[in-house]
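Open the model in your viewer and keep the selection tool at hand. Each stop below says what to select and what is there.

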Amino acid sequence: MENQNRQTDVIDRSKQNTEAGKQELYMYSLRKMAEDNVEKNKSPLTQLQNLRSFFYTGGEIIRQHPTEQYALIAMDIAQFKAVNEFCGRDAGDALLAAIAGVFRKLDTERPLTISSHARADVFALLTTYQEEQELIDIVMQIKKVIDDFPIDCKVLPAFGIATSQGEPPAISYLKDCATMALNTIKGKFYASYAFFDEKMRRQQMLEKQIENNIVTALQNGQFALYIQPKVDMATGEIVGGEALVRWVDPEHGVISPGDFLPVLEKNGFVIDLDVYMWEQVFKMQSELLSQGRRPVPVSVNVSRVHAFDKSFCDTLCRLSQRYQVDPSYVPLELTESAFLWDEQGMYRQLEILQSRGFTASMDDFGTGYSTMNMLKNQSMDEVKVDQAFIRDLETNEKSRVVIRHTIRMLQELGTDIIVEGVETEEQKKFLLECGCKAAQGYLFYKPMPWQEFVSLL
Ligand code: C2E
Ligand code: MG
Ligand code: MG
């Protein structure tokens with residue numbers, strides 16, 4: 001393949017400053033490099049091209065055959081380092097050489113096909129295809145060589161497949177998409193390949209956009225404080241609130257936390273966002289107090305990422321002092337996942353906060369995030385029963401038994417109880433019969449801008 005395009009055309013210098021001219025110049029330099037360094041651009045171990053050279057050669061194939069349908073398959077082995085460590089580097093190298101053998105074979109057998117050994121255990125293949133099944137067959141062919149290879153370690157390869165959609169694709173974009181698909185299954189023993197699909201495409205665009213916009217969004221005050229009232233179901237009185245973030249994007253409107261929090265947890269920005277939200281709540285409470293009004297407690301969510309942030313306790317105490325607001329007006333909501341990383345450390349921080357007057361609430365009780373096991377620890381002041389727990393109570397007798405006894409147990413343990421996501425009169429009636437009074441849910445109020453909440457008080 002590397003010999004297929006050896007024309008050394010000279011760039012028209014008058015075009016160099018236009019976008020197209022720059023692109024052409026870039027391609028020219030890549031081409032020169034590839035031509036001059038055919039041997040240097042190959043991995044000595046596998047005799048396959050490195051990524052740069054692969055991008056150039058593959059890009060040329062696509063340019064010269066723009067009407068073909070293309071696929072890029074990316075491969076990576078989970079924990080390949082462990083294979084090297086446990087079985088020895090020589091065995092690791094032998095495995096990589098065997099894998100490269102299949103890729104080289106595919107290069108020669110399939111039309112318009114080229115492979116790359118990017119680094120260590122990362123391979124890629126660009127090919128043309130008619131049916132998706134052909135691509136799955138390629139994956140299985142490579143996987144079989146790995147499965148049959150005599151080595152004493154479990155080797156788990158993952159494949160991501162991206163296909164061109166009509167237009168001739170940019171090869172680096174195809175590679176990014178294939179890698180993204182690969183990352184969704186890497187290390188999972190039950191899946192060996194994944195296709196890049198529309199959902200991933202949208203997710204990828206959203207994540208990129210969030211990453212690009214998050215800092216300006218924080219600076220420009222695009223994160224809004226919404227509050228959902230908590231009520232006493234017996235009297236209808238508002239007894240508190242929960243602070244919930246909304247991203248008000250000038251272009252996309254109001255975005256829910258479920259859409260952007262996972263991205264912020266990945267890049268750590270959720271810490272900045274939480275601190276921003278906590279400060280908004282302290283500020284609001286301080287304004288109410290200065291007007292001589294008696295605020296109700298408005299709880300804030302504490303992301304599990306704070307487990308990695310030793311200053312989170314100090315930050316909360318500092319805010320309480322700066323705004324002269326007693327911590328009892330700002331309870332903390334945590335899920336069990338906040339304790340997974342450093343359980344003892346987290347309990348210590350929590351105890352310090354409680355000694356300063358903060359209270360802690362266990363969020364999402366009854367889902368995988370907060371379980372029975374945590375109740376044995378006495379340090380939670382309140383349990384928030386998740387909506388999932390009560391959703392089917394009208395239709396499921398067993399569900400009613402579980403709820404009734406859970407509430408009894410929590411009462412006996414002496415923790416406060418609040419139920420989230422109450423949507424129907426039947427749910428309200430049943431919960432009141434069980435002796436549970438506090439609730440939060442659409443039956444009473446939806447989350448609202450904080451100004452609206454204040455005017456309700
Ligand atoms: P959460 O803390 O469990 O908050 C309750 C969620 O349930 C909110 O969703 C609320 O709008 C929704 N909800 C309340 N009542 C009902 C109901 O009757 N029916 C239904 N279907 N839903 C109800 P939201 O605002 O989308 O927030 C989702 C999650 O995002 C929150 O769950 C919380 O874990 C997280 N979150 C929200 N704001 C923040 C924040 O400032 N910081 C952090 N770290 N997490 C936040
Ligand atoms: Mg919450
Ligand atoms: Mg919850």
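Buried means under 20% relative accessible area, and exposed means over 50%. Keep in mind that this is a predicted model.

**Stop 1: Ser-337**

Select Ser-337, which sits in the loop between strand S10 (332–334) and helix H11 (343–355). Is Ser-337 buried or exposed? Its relative accessible area is 12%, so Ser-337 is buried. Now add Thr-335 to the selection. The side chains of Ser-337 and Thr-335 make a polar contact at 2.8 Å.

**Stop 2: from S10 to S9 and S7**

Stay with S10 and add strand S9 (residues 298–301). S9 and S10 run parallel and are joined by 2 bridges. To find the pairing, select Asn-301, whose bridge partner in S10 is Glu-333.

Next, show strand S7 (residues 238–249). S7 and S9 also run parallel, with 2 bridges between them. Here Gly-241 has Val-298 of S9 as its bridge partner.

**Stop 3: strand S6 and its partners**

Select strand S6, residues 223–232. How many of its residues are buried? The count is 10 of 10, and the strand is mostly covered.

In a regular strand the side chains alternate between the two faces of the sheet. Colour the two sides of S6 separately:

- One side has Phe-223, Leu-225, Ile-227, Pro-229 and Val-231, all buried.
- The other side has Ala-224, Tyr-226, Gln-228, Lys-230 and Asp-232, also all buried.

Which strands pair with S6? Show these three in turn:

- S7 runs antiparallel to S6, and 9 bridges join them. Leu-225 has Val-245 of S7 as its bridge partner.
- Strand S15 (residues 448–449) pairs with S6 in the antiparallel sense over 2 bridges. Ile-227 stands opposite Met-448 of S15.
- Strand S14 (residues 438–440) pairs with S6 in the antiparallel sense over 2 bridges. The bridge partner of Val-231 in S14 is Ala-439.

Before leaving, look at the turn that links S6 and S7. The two strands form a hairpin with 5 residues between them. Select Gly-236 in this turn: its phi is positive, at about 80 degrees.

**Stop 4: Val-270**

Select Val-270, a residue of helix H9 (residues 270–290). With a relative accessibility of 1%, Val-270 counts as buried. Which residues does Val-270 touch, leaving out those up to four places away in sequence? They are Leu-261, Leu-264, Glu-265, Ser-303 and Val-305.

Then pick Arg-304, which is 34 residues from Val-270 along the chain. The C-alpha atoms of Val-270 and Arg-304 are 9.5 Å apart.

**Stop 5: a sheet of five strands**

Move to the open sheet with the strand order S2-S3-S1-S4-S5. It has 5 strands and mixed pairing. Which strands are at the edges? They are strand S2 (114–119) and strand S5 (193–195), each of which pairs on one side only. On average, neighbouring strands are turned by 20 degrees against each other, with direction ignored.

At the S5 end, add strand S4, residues 156–163. S4 and S5 pair in the parallel sense over 3 bridges. Ile-161 has Phe-195 of S5 as its bridge partner.

Now find Thr-127 in strand S3. Its relative accessibility is 0%, so Thr-127 counts as buried. The side chain of Thr-127 makes a polar contact of 2.9 Å with the side chain of Arg-110. Leaving aside neighbours within four places in sequence, Thr-127 is in contact with several residues, among them Tyr-70, Pro-111, Leu-112 and Ile-138.

**Stop 6: helices H4 and H3**

Keep the sheet on screen and add H4. This helix lies across strand S1 (70–78), S2 and strand S3 (122–128), and runs at about 10 degrees to S3.

Two packed helices are described by the angle between their axes and the distance between the axes. Show helix H3 (residues 80–87) beside helix H4 (residues 89–109): they pack at an angle of about 130 degrees, with axes 6 Å apart. H3 and H4 are therefore oblique to each other. To see the contact, select Phe-80, Asn-84 and Cys-87 of H3 together with Arg-89, Ala-91, Gly-92, Leu-95 and Leu-96 of H4. By class, these are 5 nonpolar, 2 polar and 1 charged residues.

Terms used. Residues are numbered from 1 along each chain as its sequence is written. Chains are lettered from A and ligands numbered from 1 in the order in which they are written. This is a predicted model: local features need pLDDT of at least 70, side-chain atom pairs count only at pLDDT 80 or more; totals for chains, interfaces and linings use all residues. Side-chain values use heavy atoms; hydrogens and water are left out. Axes are lines fitted to C-alpha atoms, for helices over the stretch in contact, and angles run from 0 to 180 degrees between N-to-C directions. Helices (H or I, at least four residues) and strands (E, at least two) are DSSP runs, numbered from the N terminus. Angles under 35 degrees count as roughly parallel, over 145 as roughly antiparallel, 65 to 115 as roughly perpendicular and the rest as oblique. Contact means heavy atoms within 4.5 Å. Ala, Val, Leu, Ile, Met, Phe, Trp, Tyr, Cys and Pro count as nonpolar, Asp, Glu, Lys and Arg as charged, and the others, Gly among them, as polar. Buried means under 20% relative accessible area, exposed over 50%, partly exposed in between (1.4 Å probe, protein chains only). A polar contact is a pair of N or O atoms within 3.5 Å; within protein, one must be able to donate a hydrogen and the other to accept it, and residues adjacent in sequence count only if both atoms are side-chain atoms. Two strands pair if DSSP finds at least two bridges between them.
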